[in-house]
Amino acid sequence: MLTHNLGYPRIGSNRELKKACESYWAGSLTAKALLNSGENIRQQNWLIQKNAGIDLIPVNDFSFYDQVLDMSLTVGAIPDRYHDIILNKPHSELDLYFAMARGHQKNGLDVTAMEMTKWFDTNYHYIVPEFRKDQAFKLFSSKVIAEVKEARQLGIKTKPVLIGPVSYLLLGKEKEPGFNRIDLIENLLPVYLDILGQLEENGVEWVQLDEPYLVLDLNEREKAAFQYVYNTIKKSFPSLKTMLATYFEGMGDNLPLVTSLPICALHIDLVRCPDQLESVLQSLPEKTSISLGLVDGRNVWKNDFQRSMEVIRKAVNKLGEGRVMIAPSCSLLHSPCDLDLETDEKILAPEIKSWLAFAKQKLDEVVTLKQLICSGTDAAALKKLALNQSAVESRKVSPLIHSDQVKQRAASLAAKDAHRMSSFAVRKEKQHRFLELPSFPTTTIGSFPQTKEVRSWRAQFKKGQLTEAEYTSLLKQETERVIRWQEQVGLDVLVHGEFERNDMVEYFGEQLEGFAFSSNGWVQSYGSRCVKPPIIYGDVSRPKPMTVVWSQYAQSLTAKIVKGMLTGPVTLLQWSFVRNDQPRSKTCMQIALAIRDEVMDLEKAGIKIIQIDEPAIREGLPLRKADWKAYLDWAVKAFRIAAGGVRDETQIHTHMCYSEFNDIIEEIAAMDADVITIECSRSQMELLDAFAAFQYPNEIGPGVYDIHSPRVPTQAEMVGLLNKAKEVIPEKQLWVNPDCGLKTRGWEETRKALAEMVEAAKTLREK
Ligand code: GLN
Ligand code: ZN
């Protein structure tokens with residue numbers, strides 16, 4: 001029985017890669033030093049895996065930016081706009097690579113970056129391959145071969161990882177009309193064959209081909225491409241061992257296709273879809289091995305050995321030990337690196353820590369599971385089993401996790417709790433009388449620039465260099481300044497600026513029961529950007545008001561309306577590691593109730609408008625369309641519960657960032673927020689079409705300027721966008737606001753842009 005791993009986090013346990021890349025981009029690190037630090041991380045990772053006892057260790061899972069971009073460079077799918085960089089001698093492959101990832105503006109060259117999008121349903125973002133109709137491919141970068149050689153020199157037995165050719169094409173985008181990217185498969189496959197040939201020459205025995213598209217809905221052409229690719233590979237390299245990796249879902253109706261492919265091993269995700277084991281075991285061809293993805297690669301909980309052993313035994317009984325492999329469910333890219341680094345008990349309580357496993361610990365779990373099956377009487381393994389079972393048991397019954405009060409409250413939710421008192425038509429009239437806003441009311445999305453100063457206050461406060469009173473007083477001064485400035489520039493609905501918040505999820509998580517934090521649990525989000533998601537470990541409740549003091553203080557400074565500002569339940573859930581001992585929907589309802597309490601307290605404190613941000617609602621959509629409805633039902637309900645308790649006069653806003661709305665517009669309408677603000681400017685208001693076609697009844701604030709760029713938009717531009725909006729949405733429904741929060745912007749451009757925006761609204765009112 002072999003153990004293997006699908007991929008290891010490449011950021012380094014102390015985010016070494018982030019630091020190295022950012023220094024290189026800033027010009028303070030040489031290319032050679034950057035390459036060196038990559039090499040160190042790879043070696044460290046290989047040795048960690050070797051020492052853990054993993055049999056097949058992945059290579060080519062390392063990347064300086066993104067594994068899909070690596071693949072594009074490997075097969076030479078380099079868009080034309082980068083060709084000057086290739087031709088320009090002093091530039092290296094590294095510069096070309098980063099130009100594709102981040103754009104390039106140096107030495108007279110000015111090229112934009114490639115598009116980035118989310119990797120399936122994770123929070124990882126990849127660089128989208130760009131294809132043309134006559135797209136040619138050729139082996140351009142030999143990174144994978146080089147890494148195989150590098151590992152071999154260290155005496156590491158490796159299993160190179162490649163994104164499979166079909167998934168690689170499907171991950172990309174057609175950049176001109178008149179073709180379908182799957183038709184490029186015949187151009188692409190020869191490059192893969194070239195690579196596989198070189199790998200074989202270099203003594204590679206196993207190759208892992210990731211084809212996560214096998215868990216999605218596939219059409220006939222795509223299925224035929226799978227047949228073509230894997231039959232050709234088999235014919236070309238009859239003795240190369242191919243492992244086909246699926247993950248993030250079950251294969252469902254693609255199973256007959258998968259079992260018809262001539263592969264040596266099939267990896268399946270048994271965390272996301274434990275039910276598929278039975279049918280896979282039934283239909284696996286006689287010589288194919290199965291890789292059981294048992295250890296959760298996307299969450300932080302310890303594996304339940306007893307349960308996993310039952311699964312392994314089932315597979316062994318059917319196939320024999322020799323055809324069974326044990327692995328994490330997917331690449332460990334999505335796990336934090338090392339739990340051993342969590343030594344601060346004030347941040348992560350020892351009891352909670354005892355329930356967790358990060359990437360390094362997960363390797364140990366994989367190996368221990370093998371030992372428990374193959375050498376069942378091994379004393380060390382048995383001791384690990386006993387420890388594991390006591391951790392699993394302690395988590396089940398811990399009073400830290402379970403609150404009867406929270407459970408009862410969620411269980412006794414009534415249908416009316418998810419409804420406002422009156423319909424929007426009635427609320428609208430009352431709100432207009434109560435709020436007395438002009439037409440085209442202006443507002444912002446919540447945060448104002450988090451300057452270096454503001455961040456340094458927080459850092460000093462955390463280190464104990466500022467007392468709580470000093471810290472609060474500095475934040476109050478900043479809040480007052482931003483209120484005065486908003487009054488001066490003439491905004492209609494003000495915000496307090498969110499200076500007290502580090503992050504829209506962490507800030508709430510830190511104040512809610514049931515959330516824990518790590519000091520070093522970083523996970524790559526894209527490029528050098530990492531996130532440290534909170535860990536929802538128990539029943540969620542709100543011990544006391546979280547934002548009321550700030551909103552109340554800001555409101556006390558001004559006669560204008562100050563909008564309360566909260567993060568919604570779906571976003572809090574989506575951007576955290578979640579419990580695996582109950583459905584996500586259940587956790588989400590508990591969070592919704594906690595937010596509802598906050599909403600009610602804000603209303604009681606005299607806050608007339610409350611915004612509940614849900615930028616992550618679309619991200620939570622399941623991979624298969626058939627599962628969308630069930631998710632959207634509970635996600636929408638959670639929002640409605642959070643918002644549902646207030647009087648008709650209190651206006652509820654929500655906010656969503658750049659996303660398509662076409663296919664979920666009905667559900668967005670069902671959220672029944674009085675006002676929704678959306679990111680819109682980059683799409684030139686095109687995103688409004690979905691609202692128009694649906695005759696969306698409530699009010700909408702389409703973002704009129706892109707906050708991701710320091711560029712200051714002109715009044716005329718924004719008037720133009722608003723006129724476009726007016727063509728499709730009745731003007732009575734329209735608000736005027738930026739695309740998103742201004743946290744990452746500087747003050748200078750913010751002042752100018754908002755002044756222009758206020759003028760734009762005035763121009764529209766005069767018409
Ligand atoms: N209120 C938040 C802010 O302004 C919203 C952030 C977001 O949508 N991502 O920062
Ligand atoms: Zn946003």
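Helices (H or I, at least four residues) and strands (E, at least two) are DSSP runs, numbered from the N terminus. The legends below use these names for a predicted model.

**View 1. The loop that holds His708.** His708 is located in the loop between β24 and α27. An unreviewed UniProt entry lists His708 under "active site"; such an annotation may be inferred rather than shown by experiment. A residue counts as partly exposed when its number of other C-beta atoms within 10 Å lies between the limits of 12 or fewer for exposed and 20 or more for buried. His708 has 14 such neighbours within 10 Å and is therefore partly exposed.

**View 2. Helix α27 along its length.** Helix α27 comprises 14 residues, from 715 to 728. From the first C-alpha to the last, α27 reaches 21 Å, which is close to the 20 Å expected at 1.5 Å a residue.

**View 3. The two sides of helix α27.** Met718, Leu721, Leu722 and Ala725 are the buried residues of α27. Seen down the helix axis, the buried residues of α27 fall within an arc of 95 degrees, so they line one face of the helix. Ala716 and Glu727, on the other side of α27, are exposed. The packing partners of the buried residues are α26 (688-694), β24 (699-702) and α28 (747-766).

**View 4. The surroundings of ligand 1.** Ligand 1 is surrounded by 13 residues. The closest are Ile445, Gly446, Ser447, Pro615 and Gly741. By class, this shell consists of 6 nonpolar, 4 polar and 3 charged residues.

Conventions: Residues numbered from 1 in each chain as written. Chains lettered and ligands numbered in written order. Predicted model: local features only at pLDDT ≥ 70, side-chain atom pairs only at ≥ 80, totals over all residues. Near = placed C-beta within 6 Å. Nonpolar A, V, L, I, M, F, W, Y, C, P; charged D, E, K, R; others polar. Expected span 1.5 Å × (residues − 1). Arc of directions from axis to C-beta. Contact = placed C-beta atoms within 7 Å.
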